[in-house]
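Colleague: I should like to go through this model with you, one question at a time. Please give the reasoning before each answer.

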Amino acid sequence: MFHDPIQNQKISLKNSSIELTIKREDLIHPFISGNKFRKLKYNLERAKAIHAKSMLTFGGAFSNHIAAVAYAGKEYGIPTIGIIRGEELAYKSELNFTLQFAKTCGMHLKFITREAYREKMNETFLDELKEEFEACYILPEGGTNDLAVRGCEEILVDEDSHFNYICSAVGTGGTISGLINASQKDQEVLGFPALKGDFLQEDIRKFANQENWKLITDYHFGGYGKIKPELISFINRFKTDYNIPLDPIYTGKMLYGIFDLIEQEFFPEGSKVLAIHTGGLQGIAGVNEMLKRKNHPLIVE
């Protein structure tokens with residue numbers, strides 16, 4: 001089902017001694033790419049091993065995770081259920097690109113209120129879902145659990161041990177936890193959260209077994225799903241210059257941050273920096289839908 005054509009692509013930087021390389025995890029699979037492949041790998045094996053009748057998970061209207069789980073379920077022959085934040089979405093005449101894609105893959109979408117969605121970790125709420133969807137295998141929002149972290153630990157390989165810094169976008173904390181666990185003790189892992197707030201620190205500590213990491217919290221552009229013209233311009237320019245597409249929710253913000261930090265001389269001279277491209281490119285279509293509805297002058301190309 002999956003292939004693994006991972007390549008480390010060097011980025012040419014003018015007037016800088018920093019060596020920047022991007023690990024192209026986005027090339028793993030056209031629909032289940034990057035960290036979504038890593039997070040689902042062992043969870044899919046587990047679901048099949050226990051003969052789960054379905055796989056149930058959670059996400060918002062533009063969730064990369066929802067799209068990936070839907071496609072993986074189609075490929076693996078496991079029915080999927082998406083618990084979607086925002087009851088009002090059920091009454092829209094047309095679903096957005098992400099949700100329509102998930103539905104096309106066979107995912108059953110259950111829309112709930114934002115208030116109810118906040119109970120997604122509550123045992124009583126989960127028991128109700130298990131009763132409604134018998135013998136379902138439940139994946140948390142973003143897919144982060146022990147098996148997901150185990151998969152993300154496989155992102156780094158021996159050939160990556162010479163890098164001084166490992167950089168990753170951060171959503172729920174599973175990917176960076178795997179990177180931390182697989183990193184060398186003399187490497188520093190930098191996380192670029194796509195969300196506002198410092199609650200991710202504790203979420204990461206639940207899974208990470210080293211302390212060689214920090215979060216860079218200056219590049220969320222206002223919070224999850226929030227974007228600004230300078231971010232879109234950067235993403236479009238980056239694709240033109242390096243032929244690498246970036247999504248505006250995660251990887252675009254991370255690379256914007258890395259370039260800004262390089263300009264600020266955050267990294268010591270001669271540092272070797274590895275940035276993980278965690279995929280999520282399906283999110284571009286959804287963001288562009290939103291931008292067009294708002295008559296925004298820019299779209300992600």
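Colleague: Which residue is the bridge partner of F58 in β4?

Modeller: The model is predicted, so local features need pLDDT of at least 70 and side-chain atom pairs count only at pLDDT 80 or more, whereas totals for chains, interfaces and linings use all residues. Residues are numbered from 1 along each chain as its sequence is written, and side-chain values use heavy atoms, with hydrogens and water left out. Strands β3 (residues 54–59) and β4 (residues 80–85) run parallel and are joined by 5 bridges; strands here are DSSP runs of E of at least two residues, helices runs of H or I of at least four, numbered from the N terminus. The partner of F58 in β4 is I83.

Colleague: In what order do the 4 strands of the open sheet lie?

Modeller: Two strands count as paired if DSSP finds at least two bridges between them. β5 (108–112) and β6 (136–138) each have a single partner strand, so they stand at the edges. The pairing is parallel, and the order is β5-β4-β3-β6.

Colleague: What angle does the direction of helix α2 make with that of β3?

Modeller: Helix α2 (residues 64–76) packs on the sheet and touches β3 and β4, contact meaning heavy atoms within 4.5 Å. Axes are lines fitted to C-alpha atoms, for helices over the stretch in contact, and angles run from 0 to 180 degrees between N-to-C directions. The angle is about 165°.

Colleague: Which residues of helix α5 are buried, and do they line one face or several?

Modeller: Buried means under 20% relative accessible area, exposed over 50% and partly exposed in between, with a 1.4 Å probe and protein chains only. The exposed residues E123, T124 and E131 lie on the face of α5 turned away from its buried side. Seen down the axis, the buried residues fall within an arc of 95° (taken from the directions from the helix axis to the C-beta atoms), so they line one face of the helix. They are F125, L126 and L129.

Colleague: Which element supplies the largest share of the largest nonpolar core?

Modeller: Such a core is a set of buried Ala, Val, Leu, Ile, Met, Phe, Trp, Tyr and Cys residues joined through side-chain atoms within 4.5 Å. The largest has 38 residues, and F192, F238, L255, I258 and F267 have the most contacts inside it. Among the elements that each supply at least two residues are β8 (188–193), α9 (229–242) and α10 (251–263). The largest share, 6 residues, comes from α9.
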